[in-house]
Amino acid sequence: MDPAEADARFFQENTLIPENLRDLTGVNPTNDEEHYYCVEAEEFEMDRGILRGIIWGPRKDGSGNILRCEDGKVRIYPVINRRSSGANIRYVDHNLQVDFSNEGSLHNTGHRFSKYQFSRTAQDCCSRSSVDIVLIRLGEIYLMRAEAKLRKGDNAGALADVNTLRTSRNARPAQTPAPLNSIDLEILFRESGFELYWEGLRRTYQIRFGKYEDSWTEKNDSDVNKRLFPIPQRAIDGSSNIEGFLVQNQGY
């Protein structure tokens, strides 16, 4: 699917690649210096959301400095796959293959995520960032309230909260998801995944909605004790010399 046609919640194209560089699929970067463009550092924007295909960004030299053009603008390159391509270097070209086979674990396989703004003031793009750390998002507050209303029987109130989130992405109106007509716990669980993807909250939601013991990919353990991780034996041994002072979690 063309990324520009993706659900507005999951993709926003911000990287303005020159037309002559847009199609590098399958290109071997034998002369990588040909494939870059220049842009003011403050004007460069990464695509947001679930990224596929070739991804672009700044690159550093051997000393950790951002490569620049003669006029001082930042050079923007396609990301190179050096990790799993061996001697046959290729540009990263992310695809939807996600599995635990040798092929499915390559650097190219699986989409990538870029959900939050990067720093525009850090000297080296990585340190001394001015970006705020996200502790809790307004979207999650809407989901909390929707869940509370739904579990208390206020379906209309829950539906209104979820539809507020669904219709708030209007940068590309044609791809803004339509409002839901009804809601239940199953739909709310699904919507929470759409809103909070890549935020490290799915496990908590799975447990609360009774989904954590389900099977997916190669996970098939349905033991409810595994909701808690084991306490390291070193922690148990070092906590006290009193026998049984720290007891291992049930099931381990």
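The exercises below, each with a worked solution, deal with a predicted model of a protein.

**Exercise 1. Overall make-up**

Find how many helices and strands the protein has, and in what order they run from the N terminus.

Solution.
Step 1. The protein contains five helices and eight strands.
Step 2. Reading from the N terminus, the elements run β-β-β-β-β-β-β-β-α-α-α-α-α.
Step 3. Of the 252 residues in the protein, 35% are buried.

**Exercise 2. The sheet that contains S3**

Work out the strand order of the open sheet that contains S1, S3 and S8, and state which strands stand at its edges.

Solution.
Step 1. S1 pairs with strand S3 (residues 48-51) in the antiparallel sense, over two bridges. In this pairing, Gln-12 stands opposite Arg-48 in S3.
Step 2. S3 and S8 also run antiparallel and are joined by three bridges. Here Gly-49 stands opposite Ser-114 in S8.
Step 3. The order is therefore S1-S3-S8, in an open sheet of three strands with antiparallel pairing.
Step 4. Strand S1 (11-12) and strand S8 (112-114) each have a single partner strand, so they stand at the edges and one side of each is left without a neighbour in the sheet.

**Exercise 3. A second sheet**

Identify the edge strands of the open sheet with the order S2-S5-S4.

Solution.
Step 1. This open sheet has three strands, and its pairing is antiparallel.
Step 2. S2 and strand S5 (residues 74-78) pair over three bridges in the antiparallel sense. Tyr-37 stands opposite Ile-76 in S5.
Step 3. Strand S2 (37-39) and strand S4 (56-57) each pair on one side only, and these are the edge strands.

**Exercise 4. The faces of helix H1**

Determine how the buried residues of H1 are placed around its axis.

Solution.
Step 1. H1 has 14 residues, and the distance from its first C-alpha to its last is 20 Å, close to the 20 Å expected at 1.5 Å a residue.
Step 2. The buried residues in H1 are Gly-139, Glu-140, Leu-143, Ala-146, Glu-147 and Leu-150.
Step 3. Viewed down the axis of H1, these buried residues fall within an arc of 120°, so they line one face of the helix.
Step 4. Leu-138 also has its place in helix H1 (residues 138-151). Its relative accessible area is 60%, and Leu-138 is exposed.
Step 5. Leu-138 contributes to a nonpolar surface patch of about 680 Å², together with Ile-133, Leu-135, Ile-136, Ile-141 and Met-144.

**Exercise 5. The loop between H3 and H4**

Decide whether Trp-198 and Leu-201 are exposed or partly exposed.

Solution.
Step 1. Trp-198 lies in the loop between H3 and H4. Leu-201 is found in the loop between helix H3 (185-196) and helix H4 (202-208).
Step 2. The cut-off for exposed is over 50% relative accessible area. Trp-198, at 58%, is exposed.
Step 3. Leu-201 has a relative accessible area of 23% and is partly exposed.
Step 4. The backbone of Trp-198 has a positive phi of about 65°, although Trp-198 is not a glycine.
Step 5. Leu-201 and Glu-140 are 61 residues apart in sequence, while their C-alpha atoms are 9.9 Å apart in space.

**Exercise 6. Salt bridges**

State how many salt bridges a search of the whole structure finds, then describe three of them.

Solution.
Step 1. Side chains of opposite charge can pair when their charged atoms come close. The search finds 17 salt bridges.
Step 2. Lys-149 forms a salt bridge with Asp-161, with the closest N and O atoms 3.4 Å apart. The pair links Lys-149 in helix H1 to Asp-161 in helix H2 (residues 155-166), 12 residues apart. Lys-149 is partly exposed at 23% relative accessibility, whereas Asp-161 is buried at 3%.
Step 3. Glu-213 and Arg-227 meet through their side chains in a salt bridge of 2.7 Å, N to O. Both residues are in the loop between H4 and helix H5 (233-239), 14 residues apart. Glu-213 is buried at 16%, and Arg-227 is partly exposed at 28%.
Step 4. Arg-9 forms a salt bridge with Asp-7, with the closest N and O atoms 2.8 Å apart. Arg-9 is buried, with a relative accessible area of 11%, while Asp-7 is partly exposed at 21%.
Step 5. Asp-7 and Arg-9 belong to one network with Arg-166, Arg-190 and Glu-191, joined by salt bridges that share partners.

Conventions. Residues numbered from 1 in each chain as written. Predicted model: local features only at pLDDT ≥ 70, side-chain atom pairs only at ≥ 80, totals over all residues. Heavy atoms only, no water. Helix = DSSP H or I, 4+ residues; strand = E, 2+ residues; numbered from the N terminus. Patch = residues over 30% accessible without salt bridge, like charges linked within 9 Å, V, L, I, M, F, W, Y side chains within 5 Å. Areas by Shrake-Rupley, 256 points an atom, 1.4 Å probe, with all protein chains shown as cover. Salt bridge = Lys/Arg side-chain N within 4 Å of Asp/Glu carboxyl O. Buried < 20%, exposed > 50% of the residue type's maximum accessible area, 1.4 Å probe, protein only. Expected span 1.5 Å × (residues − 1). Arc of directions from axis to C-beta.
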